[in-house]
Amino acid sequence: MSTDALAEPRRPVRAGWTALLFVANLGLWLAFYAPIQVLLPQQAEALAPAGKEVVFGVVTGIGAAVSVVANPLAGMLSDRTTSRLGRRHPWTLGGAAAGAAGLAVLAAATDVVVMTIGWCLVQAGLNAMLASLVSALPDRVPVPQRARIGGLVGISQMLGTVAGTLVVTVLISGLTSGYLTCALLVLLAAALFVAFTPDAVLRAKPEGGIGAALRRLWVSPREHPDFAWGWGCHFMINLGNGFGTLYLLFFLGDAVHHPAPETGLLVLMGLYGAALTAGAVLAGAVSDRSGRRKPYVLLSCVLMAVAALLLAVWPTWAAALLAAPLLGAGFGIYWAVALALLTQVLPAAANRAKDLGVVNIANSLPQVVAPVLATPILAHLGGYAGLFTASALATVAAGALVTRVRGVA
């Protein structure tokens, strides 16, 4: 087995490699969030005007359930891949191709069933791509650089959200054109990363067959408590973020009564993005310099909880303009240090992508849980005020969980 593929990285990564990783992640998140924020809600309203919230929740929930399986499974298989292209690159490119195919299905969908099938294919493909790209951090980036590179990954997620919203609301009109443009961009981003970056080749597969590898998908909280506490924190942060953002377009229209909800969403995403970038860059640099991660996670939880409570008690456009940069700064700080922290508590180098796939369940599972819980909250537990309060509570719980991590300062 190639020691290069499993060795802890020591050589700092260069700007060119970092830029290409950034572009690949940007394409990935654009293809995720342009549909989630704009295209899927619009398609749900077009197909079922009276039940748009239910259709949107069902489609995104089923798709997220697919991602819960696809991400760790793709990660496990990439850990065992002995292609001449490397362990990760085949999954980056193949995942992008599958995701693009799903976007094409969505572009042609004329009913909710086909819409659901298309989104499930998008989730399966893009989560395979995500599993391989996230693994680049422990595969290639030494620990003293990880918060800075993790911050750039967080910025790429934000910019993917903003750029996706911009592309499908300003530059491109129509569902079909929007979906196909997203498909083209994610394919291009993946191809650039695969073509111009190295990927260490695994010379021999790990011992044991697929069955043994599947059994290793479970990471024992008793044997690896820091991994478990970090996973729990990541889950709660993403659950809180899901409560706070999943129905934002509907919130602007139905509660804030914004005259142009899509335009309002674009403004909020711009404020969110600028604050996220500043928070990620500053926190990444300071965290790497000090070697500390947990204090920055706690600060991010405070900022995000305050943002959610603002919207809960003051559902106005002015409050949204205040909450967006607070949420952005908090999420930027979190992403800058979260990936660094999580990669420092991984159980084994041979299973990096699989274990990060398990971590990514904490990204995907909230997309299943949030719509399920949001529906009764919106109907019976205070409407949007109750939903944003739930967002704040989940974020505070994330802060409590990260304090239990012992192996990282």
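## Contacts of Q43

In this predicted model, Q43 touches L106, A109, M115, L175 and Y179, leaving out residues up to four places away in sequence. Q43 is found in helix α2, which covers residues 15-47. Is Q43 buried or exposed? Its relative accessibility is 3%, so Q43 counts as buried, the limit being under 20%.

Two of these partners can be placed in other helices. M115 belongs to the α5 side of the packing between α3 and α5. L175 falls at the start of helix α7, residues 175-196.

## Confidence

The chain has a mean pLDDT of 90. Residues at 70 or more make up 96% of the chain. Confidence peaks in helix α4, residues 89-108, with a mean of 98. The lowest value belongs to helix α1, residues 3-6, with a mean of 60. Where pLDDT is low, predicted coordinates should not be read in detail.

## G178 in helix α7

G178 lies in helix α7. Its relative accessible area is 0%, so G178 is buried. Beyond its neighbours within four places in sequence, G178 is in contact with L39, V168 and I172.

How far apart are the C-alpha atoms of G178 and A31? They are separated by 9.9 Å. Along the chain, G178 and A31 are 147 residues apart.

## Salt bridges

Side chains of opposite charge can pair when their charged atoms come close. A search of the whole structure finds 9 salt bridges. Three of them are described here, beginning with E45 and K52. The side chains of E45 and K52 meet at 3.8 Å, N to O. E45 has a relative accessible area of 39%, so this residue is partly exposed. K52 has 14%, so K52 is buried. K52 is also the residue at which helix α3, residues 52-79, begins.

R88 pairs with D79, with the closest N and O atoms 2.9 Å apart. Are the two partners buried or exposed? R88 has a relative accessibility of 3% and counts as buried. D79 has 2% and also counts as buried. Salt bridges with shared partners join D79, R87, R88, D139 and R352 into one network. Within that network, D79 is the last residue of helix α3, and D139 falls within helix α5, residues 112-140.

R293 and D288 form another salt bridge, their closest N and O atoms being 3.1 Å apart. Both R293 and D288 are buried.

## Helices α3 and α5

Two packed helices are described by the angle between their axes and the distance between the axes. For α3 and α5, the angle is about 30° and the axes are 8 Å apart. Angles under 35 degrees count as roughly parallel, so α3 and α5 are roughly parallel to each other. Their crossing is right-handed.

Which residues meet across this pair? On α3 they are V55, V59, T60, I62, G63, A64, V66, S67, A70, N71, A74 and G75. On α5 they are V112, M115, T116, W119, C120, Q123, A124, N127, A128, L130 and A131.

## Helices α9 and α15

Helix α9 covers residues 225-245, and helix α15 covers residues 383-402. They pack at an angle of about 165°, with their axes 8 Å apart. Why is the pair called roughly antiparallel? Angles over 145 degrees count as roughly antiparallel, so α9 and α15 fit that description. The crossing is left-handed.

From α9, the contact is made by W229, G232, C233, M236, I237, L239, G240, F243 and G244. From α15, it is made by L387, F388, A390, S391, A394, T395, A397, A398, L401 and V402.

A228 also lies in helix α9. With a relative accessible area of 25%, A228 is partly exposed. The C-alpha atoms of A228 and L342 are separated by 9.9 Å. Along the chain, A228 and L342 are 114 residues apart.

## H257 in a loop

Where does H257 lie? H257 is in the loop between α10, residues 248-254, and α11, residues 261-290. H257 has a positive phi of about 60°, although it is not a glycine. Its relative accessibility is 58%, so H257 counts as exposed, the limit being over 50%.

Key
Residues numbered from 1 in each chain as written. Predicted model: local features only at pLDDT ≥ 70, side-chain atom pairs only at ≥ 80, totals over all residues. Heavy atoms only, no water. Helix = DSSP H or I, 4+ residues; strand = E, 2+ residues; numbered from the N terminus. Buried < 20%, exposed > 50% of the residue type's maximum accessible area, 1.4 Å probe, protein only. Contact = heavy atoms within 4.5 Å. pLDDT = per-residue confidence, 0-100. Salt bridge = Lys/Arg side-chain N within 4 Å of Asp/Glu carboxyl O. Axes fitted to C-alpha atoms, helices over the stretch in contact; angles between N-to-C directions. Parallel < 35°, antiparallel > 145°, perpendicular 65-115°, else oblique. Left-handed = near helix turned anticlockwise from the far one by under 90°.
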